[in-house]
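Reader: I am new to this structure and would like a close look at one pair of packed helices. Could you take me through how the two lie against each other, and explain the terms as you go?

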Amino acid sequence: MTATVGTPMDFDEILTQIGEFGRYQRRNYLLICLPVLFAAANSLSYVFTAGFPTYRCYIPECDNPQEPQYQTEWLENAVPGTWSKQGHFTAATCDRYVTSNANISQGDGQCEESLFTKEVERCQDYVYGSREQTIVQEWQLMCPENTWKLAFVGTIHFAGLVIGTALFGYLADRFGRKHIFLFCIILMSLTGVAQALAWNYISFLIFALLNAVGTSGVYPLAFIIGVEMVGPRKREMSSIVLNYFYAVGEALLGLAIFLPNWKHLQLALSIPPLIFIVYVWLVPESVRWLLARNKHEKAGEIIKKAAHVNRRELSVELMASFKQQELESDKDERDTKQQDSQIWLAVKQVFSSHILLARYSIMLFIWAVNAIVFYGLSLNSTNLSGNKYLNFALVCLIEIPGYTLAWVCLRKFGRRLALSGSLLLCSITCVGSGYITMVQADRLPSANWLIIALFLMGKLGITSSFAVVYTYTAEMMPTVIRSGGVGVMSTFARCGAMLAPFVPLLGTLYEPLPLLLFGAISLIAGLLSLLLPETFHKKLPDTVAEAIALGHKISVDDEPICSQNEEHQSQQDT
């Protein structure tokens, strides 16, 4: 079937001629995945640049002035602290005991308990437990009264993500996927460099906000471009493999162990992406967006090039239709403002449809749950013992099995069951982990391994859910507002993520409460997802009418024409 005069081009039908995922698409897909590595690393770099290093008071009466050691045999005599169940002593960060004898010789290492009183005083110099240097040392943000400043960096980061996802979703629908994608990459890179050059805490926050704004657009737009360049049978692959790159990008931050200075780390993450400016000449614009904007001739040039690289031949009718439809669209187009109003017309049609409002409301809730649970579990992962760099990398890499689970479920069970099943897996494992914490923690300490295993299974489940929901949302949105629609959902999720840091605080009231809460909201989201229509192996909806038709027995072939007539009539009324 080919496009004819008066019939809008269907890119899914065009892909049957040029190939759903040929050499041309594979090359461009790899190109858009590479910036995602750096976007993922930038999105979590504040964990280390604004991290809380291990330190304690410098005890001049006891410490070696040339090479002071963080852990010493006499430490509990000179510094207050806490003991773990395993007998490990953790020193206070900014307090020390007052000496009882002013004549103690400095640095002699003879620091018995009798030489100190139990009176506590604040110290001014510190001994660090590692070579790690963060903004704590840079701007003297030590001690508990400054801890909120480090946490506030994360809040600023999520605020930037909220701004960026809302802004760039609309701009990508208005000006094209490619140009906004490149703008986000360059903004991320330049503001990342500026963070390393910041002269004080306030300037660092400003650049961190701008960096998050730029970073927020890279992954969603790479996702949209990837989904829109392939055929229906390859959509889940395009989204899941992109998530592999994201997980690896996050895990690469574990290499910060080799870059203990936060400035060096930030520069290493920010300078290399500048090379992606060459994408101006290497990466094409989304053909679906060009067709939706009636730029058929430009779309035709890209399709012909793709056919050539894929070693496919286009039908004579299709090649002739590019120029013909470009001329017809020029005749029908009244002015640029009417073309731009297609987006707002589609938004108006969505709000007038009870079916779409119900669906998208459910999706908003599911997105928020995904963000709260995903980031909440990630924050709780810092309680795992061991090397924090290795732990961080492993917690990120566990996402790859989660994305793989999503890929398998998407192909075997469809979108709806894949989403519901992933959320229910997360719910069961979180509740199970919370229950064991509540019932067995004191009676059976050896059950800790089971708690950790269930925790990782919960992270795997919510990771799978996050991967599925991106594909599912894109397939339920009409083309003209697809990028903006995914952007709105992602923005709402970021708002939910801003609550995630506060959820673990519920553990001070009741230890298993955070996990039980994660399990409860995941259960609700999993059940609600069963009310959504299946989109597996369905044509991507180009119009609002086609989006409504998903899950209903409506002729898809007739729907675009009906939608066009409604849109033409609405423009006349306007």
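Author: Helix α2 passes helix α8 in a left-handed crossing, a term used if the near helix is turned anticlockwise from the far one by less than a right angle, a clockwise turn being right-handed. This is a predicted model, in which local features need pLDDT of at least 70 and side-chain atom pairs count only at pLDDT 80 or more, whereas totals for chains, interfaces and linings use all residues. Residues are numbered from 1 along each chain as its sequence is written, and side-chain values use heavy atoms, with hydrogens and water left out.

Two packed helices are described by the angle between their axes and the distance between the axes. Here α2 covers residues 23-44 and α8 covers residues 201-228, and the two pack at an angle of about 150 degrees with their axes 9 Å apart; helices are DSSP runs (H or I, at least four residues), numbered from the N terminus. The axes are lines fitted to C-alpha atoms over the stretch in contact, and angles run from 0 to 180 degrees between N-to-C directions. The pair is therefore roughly antiparallel, the word for angles over 145 degrees.

On the α2 side, Tyr29, Ile32, Pro35, Val36, Ala39, Asn42 and Ser43 take part, and they meet Asn211, Thr215, Val218, Tyr219, Ala222, Ile225 and Gly226 of α8, where contact means heavy atoms within 4.5 Å. By class, this contact of α2 with α8 has 9 nonpolar, 5 polar and no charged residues; Ala, Val, Leu, Ile, Met, Phe, Trp, Tyr, Cys and Pro count as nonpolar, Asp, Glu, Lys and Arg as charged, and the others, Gly among them, as polar.

For comparison, the axes of helix α17 (residues 388-397) and helix α18 (residues 399-439) come within 4 Å and cross at roughly 0 degrees. That makes α17 roughly parallel to α18, the word for angles under 35 degrees.

Notes. Parallel < 35°, antiparallel > 145°, perpendicular 65-115°, else oblique.
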